[in-house]
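Trainee: I've got a model open and would like to learn how to read it feature by feature. Could you walk me through it?

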Amino acid sequence: MILTDIDARGVATVTLNRPEIHNAFNDEVIAELTRIFRDLGANPVVRIVVLRGAGKSFSAGGDLNWMRRMAGYSRVENLTDAVGLATMLRTLNELPKPTIAVIHGHCFAGAVGLVAACDIAIAADPVQFALTEVRLGLIPATIGPYVVAAMGARACRRYFLTAERFGVAEAHRLGLVHEVVGQDDLDAAAERHIDNLLLAGPMALGAAKDLIRAVDGPVTDETVADTAARIADARSGDEGREGLSAFFDKRKPGWVK
(Lines give C-alpha, C1' and ligand atoms only; values in the text may rest on other atoms or scores of the structure.)
Protein backbone atom coordinates (compact mmCIF):
# COMPACT_ATOMS: atom_id res chain seq x y z
CA MET A 1 0.00 0.00 0.00
CA ILE A 2 2.89 2.35 0.75
CA LEU A 3 6.44 2.21 -0.56
CA THR A 4 9.31 3.79 1.36
CA ASP A 5 12.83 4.31 0.05
CA ILE A 6 15.76 6.13 1.66
CA ASP A 7 18.62 7.02 -0.67
CA ALA A 8 22.28 7.65 0.11
CA ARG A 9 21.63 11.37 0.63
CA GLY A 10 19.07 10.72 3.35
CA VAL A 11 16.11 11.56 1.10
CA ALA A 12 13.14 9.37 2.03
CA THR A 13 10.48 8.92 -0.66
CA VAL A 14 7.07 7.80 0.58
CA THR A 15 4.84 6.62 -2.28
CA LEU A 16 1.14 5.94 -1.99
CA ASN A 17 0.92 2.69 -3.94
CA ARG A 18 -2.71 1.89 -4.72
CA PRO A 19 -2.76 3.03 -8.35
CA GLU A 20 -5.76 0.87 -9.25
CA ILE A 21 -7.96 3.11 -7.06
CA HIS A 22 -6.01 6.34 -7.59
CA ASN A 23 -4.19 5.96 -4.26
CA ALA A 24 -7.34 6.42 -2.21
CA PHE A 25 -6.64 5.81 1.45
CA ASN A 26 -8.42 3.94 4.22
CA ASP A 27 -7.86 3.34 7.92
CA GLU A 28 -5.05 0.85 7.24
CA VAL A 29 -3.20 3.29 4.96
CA ILE A 30 -3.68 6.09 7.49
CA ALA A 31 -2.25 3.97 10.31
CA GLU A 32 0.69 2.93 8.13
CA LEU A 33 1.40 6.52 7.10
CA THR A 34 1.36 7.59 10.75
CA ARG A 35 3.90 4.91 11.63
CA ILE A 36 6.10 5.74 8.64
CA PHE A 37 6.09 9.48 9.35
CA ARG A 38 6.98 8.88 13.01
CA ASP A 39 9.79 6.50 12.08
CA LEU A 40 11.23 8.85 9.47
CA GLY A 41 11.02 11.78 11.85
CA ALA A 42 13.04 9.85 14.45
CA ASN A 43 15.55 8.41 11.98
CA PRO A 44 18.80 10.44 12.15
CA VAL A 45 19.78 9.29 8.65
CA VAL A 46 16.71 10.92 7.07
CA ARG A 47 17.06 14.57 6.09
CA ILE A 48 14.11 15.12 3.72
CA VAL A 49 10.79 13.36 3.16
CA VAL A 50 9.14 13.36 -0.28
CA LEU A 51 5.50 12.32 -0.66
CA ARG A 52 4.28 10.99 -4.01
CA GLY A 53 1.56 8.88 -5.58
CA ALA A 54 2.01 5.91 -7.94
CA GLY A 55 0.13 5.64 -11.22
CA LYS A 56 -2.14 8.29 -12.74
CA SER A 57 -2.98 10.28 -9.60
CA PHE A 58 -1.49 11.67 -6.43
CA SER A 59 -4.56 10.59 -4.45
CA ALA A 60 -8.34 10.64 -4.87
CA GLY A 61 -8.88 10.99 -1.11
CA GLY A 62 -10.92 8.46 0.85
CA ASP A 63 -11.36 4.87 -0.30
CA LEU A 64 -15.02 4.28 -1.19
CA ASN A 65 -15.13 0.94 0.63
CA TRP A 66 -13.75 2.60 3.76
CA MET A 67 -16.34 5.37 3.48
CA ARG A 68 -19.09 2.76 3.07
CA ARG A 69 -17.94 1.09 6.29
CA MET A 70 -17.84 4.44 8.10
CA ALA A 71 -21.46 5.08 7.15
CA GLY A 72 -22.42 2.14 9.33
CA TYR A 73 -20.23 3.12 12.28
CA SER A 74 -21.58 4.50 15.55
CA ARG A 75 -20.54 7.98 16.59
CA VAL A 76 -17.93 6.52 18.97
CA GLU A 77 -16.48 4.38 16.18
CA ASN A 78 -16.47 7.36 13.81
CA LEU A 79 -14.71 9.48 16.41
CA THR A 80 -11.97 6.88 16.85
CA ASP A 81 -11.57 6.62 13.08
CA ALA A 82 -11.41 10.41 12.65
CA VAL A 83 -8.82 10.79 15.40
CA GLY A 84 -6.62 8.40 13.43
CA LEU A 85 -6.73 10.63 10.34
CA ALA A 86 -6.24 13.79 12.39
CA THR A 87 -3.23 12.23 14.12
CA MET A 88 -1.64 11.21 10.82
CA LEU A 89 -2.01 14.73 9.42
CA ARG A 90 -0.57 16.29 12.56
CA THR A 91 2.35 13.86 12.48
CA LEU A 92 3.11 14.90 8.89
CA ASN A 93 2.64 18.59 9.65
CA GLU A 94 5.00 18.46 12.64
CA LEU A 95 7.58 16.13 11.12
CA PRO A 96 10.99 17.56 12.17
CA LYS A 97 12.34 17.17 8.62
CA PRO A 98 11.43 19.15 5.47
CA THR A 99 8.58 17.58 3.52
CA ILE A 100 7.86 17.91 -0.21
CA ALA A 101 4.60 16.93 -1.90
CA VAL A 102 5.06 16.01 -5.57
CA ILE A 103 1.59 16.11 -7.12
CA HIS A 104 0.22 14.84 -10.42
CA GLY A 105 -3.18 13.78 -11.74
CA HIS A 106 -6.06 14.09 -9.27
CA CYS A 107 -5.79 15.43 -5.72
CA PHE A 108 -9.16 15.32 -4.01
CA ALA A 109 -10.66 15.68 -0.52
CA GLY A 110 -8.34 14.28 2.17
CA ALA A 111 -5.41 14.29 -0.25
CA VAL A 112 -5.58 18.09 -0.31
CA GLY A 113 -4.90 17.89 3.42
CA LEU A 114 -1.77 15.84 2.80
CA VAL A 115 -0.52 18.52 0.41
CA ALA A 116 -1.35 21.34 2.81
CA ALA A 117 0.48 19.59 5.66
CA CYS A 118 3.72 19.42 3.64
CA ASP A 119 6.28 22.22 3.68
CA ILE A 120 6.74 22.47 -0.08
CA ALA A 121 4.21 21.49 -2.75
CA ILE A 122 5.04 21.09 -6.45
CA ALA A 123 2.27 20.29 -8.92
CA ALA A 124 2.32 19.19 -12.54
CA ASP A 125 0.10 20.92 -15.07
CA PRO A 126 -2.60 19.67 -15.36
CA VAL A 127 -3.66 18.64 -11.85
CA GLN A 128 -7.23 18.85 -10.62
CA PHE A 129 -7.93 19.68 -6.98
CA ALA A 130 -11.27 19.51 -5.15
CA LEU A 131 -12.62 19.53 -1.61
CA THR A 132 -15.68 17.39 -2.27
CA GLU A 133 -16.86 16.47 1.23
CA VAL A 134 -20.06 18.56 1.35
CA ARG A 135 -21.45 16.73 -1.68
CA LEU A 136 -21.50 13.64 0.52
CA GLY A 137 -23.08 15.52 3.39
CA LEU A 138 -19.72 15.69 5.18
CA ILE A 139 -17.16 18.41 5.96
CA PRO A 140 -13.35 18.63 5.48
CA ALA A 141 -12.87 18.69 9.25
CA THR A 142 -9.56 16.98 10.07
CA ILE A 143 -7.80 18.48 7.05
CA GLY A 144 -9.38 21.88 7.73
CA PRO A 145 -6.63 23.45 9.89
CA TYR A 146 -3.96 22.73 7.28
CA VAL A 147 -5.98 23.70 4.22
CA VAL A 148 -7.17 26.94 5.81
CA ALA A 149 -3.57 27.74 6.78
CA ALA A 150 -2.43 27.07 3.20
CA MET A 151 -5.24 28.69 1.19
CA GLY A 152 -6.70 31.20 3.63
CA ALA A 153 -10.16 31.33 5.14
CA ARG A 154 -11.61 33.44 2.32
CA ALA A 155 -10.74 30.91 -0.39
CA CYS A 156 -11.96 28.06 1.79
CA ARG A 157 -15.34 29.78 2.15
CA ARG A 158 -15.70 29.16 -1.57
CA TYR A 159 -14.08 25.79 -2.14
CA PHE A 160 -15.25 24.06 1.05
CA LEU A 161 -18.82 25.02 0.17
CA THR A 162 -18.98 24.61 -3.62
CA ALA A 163 -16.82 21.46 -3.82
CA GLU A 164 -15.90 22.59 -7.33
CA ARG A 165 -12.71 21.48 -9.02
CA PHE A 166 -9.86 23.91 -9.53
CA GLY A 167 -6.61 23.60 -11.44
CA VAL A 168 -2.95 24.21 -10.71
CA ALA A 169 -3.02 27.90 -11.62
CA GLU A 170 -5.71 28.55 -9.00
CA ALA A 171 -3.98 26.31 -6.46
CA HIS A 172 -0.79 28.30 -7.01
CA ARG A 173 -2.60 31.64 -6.74
CA LEU A 174 -4.16 30.59 -3.45
CA GLY A 175 -0.89 29.29 -1.99
CA LEU A 176 -1.84 25.62 -1.81
CA VAL A 177 1.08 24.81 -4.12
CA HIS A 178 4.35 26.70 -4.40
CA GLU A 179 5.35 25.79 -7.93
CA VAL A 180 3.67 24.60 -11.11
CA VAL A 181 5.67 22.76 -13.77
CA GLY A 182 5.03 20.58 -16.79
CA GLN A 183 4.55 16.88 -16.16
CA ASP A 184 7.94 16.08 -17.70
CA ASP A 185 9.64 18.61 -15.41
CA LEU A 186 8.12 17.40 -12.13
CA ASP A 187 11.02 15.19 -11.05
CA ALA A 188 13.61 17.82 -11.92
CA ALA A 189 11.72 20.44 -9.90
CA ALA A 190 11.61 18.13 -6.90
CA GLU A 191 15.35 17.48 -7.20
CA ARG A 192 16.03 21.22 -7.32
CA HIS A 193 14.24 21.71 -4.01
CA ILE A 194 15.99 18.69 -2.52
CA ASP A 195 19.39 20.09 -3.54
CA ASN A 196 18.58 23.42 -1.86
CA LEU A 197 17.41 21.74 1.35
CA LEU A 198 20.54 19.57 1.54
CA LEU A 199 22.63 22.75 1.78
CA ALA A 200 20.98 23.64 5.10
CA GLY A 201 21.85 22.38 8.55
CA PRO A 202 19.64 19.38 9.37
CA MET A 203 18.93 20.56 12.90
CA ALA A 204 18.34 24.12 11.69
CA LEU A 205 15.66 22.91 9.29
CA GLY A 206 13.73 21.23 12.09
CA ALA A 207 14.17 24.25 14.33
CA ALA A 208 12.97 26.57 11.55
CA LYS A 209 9.79 24.50 11.14
CA ASP A 210 9.15 24.64 14.87
CA LEU A 211 9.78 28.42 14.85
CA ILE A 212 7.07 28.97 12.23
CA ARG A 213 4.46 27.30 14.42
CA ALA A 214 5.66 29.23 17.47
CA VAL A 215 5.47 32.72 15.94
CA ASP A 216 2.29 32.29 13.89
CA GLY A 217 0.27 34.82 15.86
CA PRO A 218 0.54 38.19 17.60
CA VAL A 219 3.99 39.23 18.83
CA THR A 220 4.00 39.31 22.63
CA ASP A 221 6.66 39.71 25.31
CA GLU A 222 6.77 35.92 25.45
CA THR A 223 7.36 35.79 21.68
CA VAL A 224 10.30 38.20 21.98
CA ALA A 225 11.88 36.15 24.78
CA ASP A 226 11.24 32.85 23.02
CA THR A 227 12.69 33.90 19.65
CA ALA A 228 15.76 35.42 21.33
CA ALA A 229 16.34 32.15 23.19
CA ARG A 230 15.93 30.16 19.98
CA ILE A 231 18.58 32.11 18.05
CA ALA A 232 20.93 32.06 21.08
CA ASP A 233 20.58 28.28 21.20
CA ALA A 234 21.25 28.03 17.46
CA ARG A 235 24.32 30.28 17.56
CA SER A 236 25.87 28.48 20.51
CA GLY A 237 25.06 24.97 19.29
CA ASP A 238 27.49 22.72 17.42
CA GLU A 239 25.67 23.04 14.10
CA GLY A 240 25.48 26.83 14.29
CA ARG A 241 29.16 27.12 15.19
CA GLU A 242 30.09 24.82 12.31
CA GLY A 243 27.94 26.77 9.86
CA LEU A 244 29.44 30.11 10.82
CA SER A 245 33.00 28.74 10.85
CA ALA A 246 32.50 27.25 7.39
CA PHE A 247 31.16 30.56 6.08
CA PHE A 248 34.11 32.57 7.36
CA ASP A 249 36.62 29.89 6.32
CA LYS A 250 35.04 29.86 2.84
CA ARG A 251 34.43 26.11 2.91
CA LYS A 252 31.41 23.84 2.89
CA PRO A 253 29.89 22.97 6.27
CA GLY A 254 30.22 19.39 7.42
CA TRP A 255 26.66 18.43 6.53
CA VAL A 256 27.13 19.24 2.83
CA LYS A 257 28.50 16.24 0.97
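Mentor: We'll go through the sheet, some helices, the aromatic pairs and a few backbone oddities.

Mentor: Some ground rules. This is a predicted model, where local features need pLDDT of at least 70, side-chain atom pairs count only at pLDDT 80 or more, and totals for chains, interfaces and linings use all residues. Residues are numbered from 1 along each chain as its sequence is written, and side-chain values use heavy atoms, with hydrogens and water left out.

Trainee: Let's start with the sheet. What is the order of the strands?

Mentor: The labels come from DSSP runs numbered from the N terminus: helices are H or I with at least four residues, strands are E with at least two. Two strands pair if DSSP finds at least two bridges between them. Here you get an open sheet of six strands in the order S1-S2-S3-S4-S5-S6, with mixed pairing. Strand S1 (2-6) and S6 are the edge strands, each pairing on one side only. On average, neighbouring strands of this sheet are turned by 25° against each other, direction ignored.

Trainee: How many bridges join S1 to S2?

Mentor: Five, and the two strands run antiparallel. To find one on screen, go to Thr4, whose bridge partner in S2 is Val14.

Trainee: Which strands does helix H1 lie across?

Mentor: For angles, axes are lines fitted to C-alpha atoms, for helices over the stretch in contact (heavy atoms within 4.5 Å). The angles run from 0 to 180 degrees between N-to-C directions. Helix H1 (residues 27-42) lies across S1, S2 and S3, and runs at about 10° to S1.

Trainee: And how do I check the length of a helix, say H3?

Mentor: The expected span is 1.5 Å times one less than the number of residues. H3 has 19 residues and reaches 26 Å from first to last C-alpha, close to the 27 Å expected.

Trainee: Which residues of H3 are buried?

Mentor: Buried means under 20% relative accessible area, exposed over 50%, and partly exposed in between, with a 1.4 Å probe and protein chains only. In H3 the buried ones are Asp81, Leu85, Met88, Leu89, Thr91 and Leu92. Seen down the axis of H3, they fall within an arc of 165° (taken from the directions from the helix axis to the C-beta atoms), so they line one face. Arg75, Val76, Thr80 and Arg90 are exposed on the other side of H3.

Trainee: Can we try that on H5? Which of its residues are buried?

Mentor: In helix H5 (residues 144-151), Gly144, Tyr146, Val147 and Met151 are buried. They cover an arc of only 165° around the axis, which puts them on the same side of H5. The face turned away from that buried side carries the exposed Pro145 and Ala149. What covers the buried residues of H5 includes helix H3 (75-93), helix H4 (110-117), helix H6 (153-162) and helix H7 (168-174).

Trainee: Now the rings. What describes a pair of aromatic rings?

Mentor: The distance of the centres and the angle of the planes. Rings of Phe, Tyr and Trp (its six-membered ring) pair if their centres lie within 6.5 Å; planes under 30 degrees apart count as stacked, over 60 as edge-to-face and the rest as tilted. This structure holds four such pairs. Phe25 and Trp66 form a tilted one, 6.4 Å centre to centre with 50° between the planes. That pair links distant parts of the chain, with Phe25 in the loop between S2 and H1 and Trp66 in helix H2 (residues 64-71), 41 residues apart. Both Phe25 and Trp66 are buried. Phe129 and Phe166 are stacked, at 5.7 Å and 20°.

Trainee: Which residues form one aromatic cluster?

Mentor: Phe129, Tyr159 and Phe166.

Trainee: Last one: what should I look for in the backbone?

Mentor: Most residues other than glycine have a negative phi, and most peptide bonds are trans. Ala109, in the loop between S4 and H4, has a positive phi of about 50° although it is not a glycine. Ala163, in the loop between H6 and H7, also has a positive phi, of about 60°. As for the peptide bonds, a cis one joins Asp125 and Pro126, with omega about 10°. You'll find Pro126 in strand S5.
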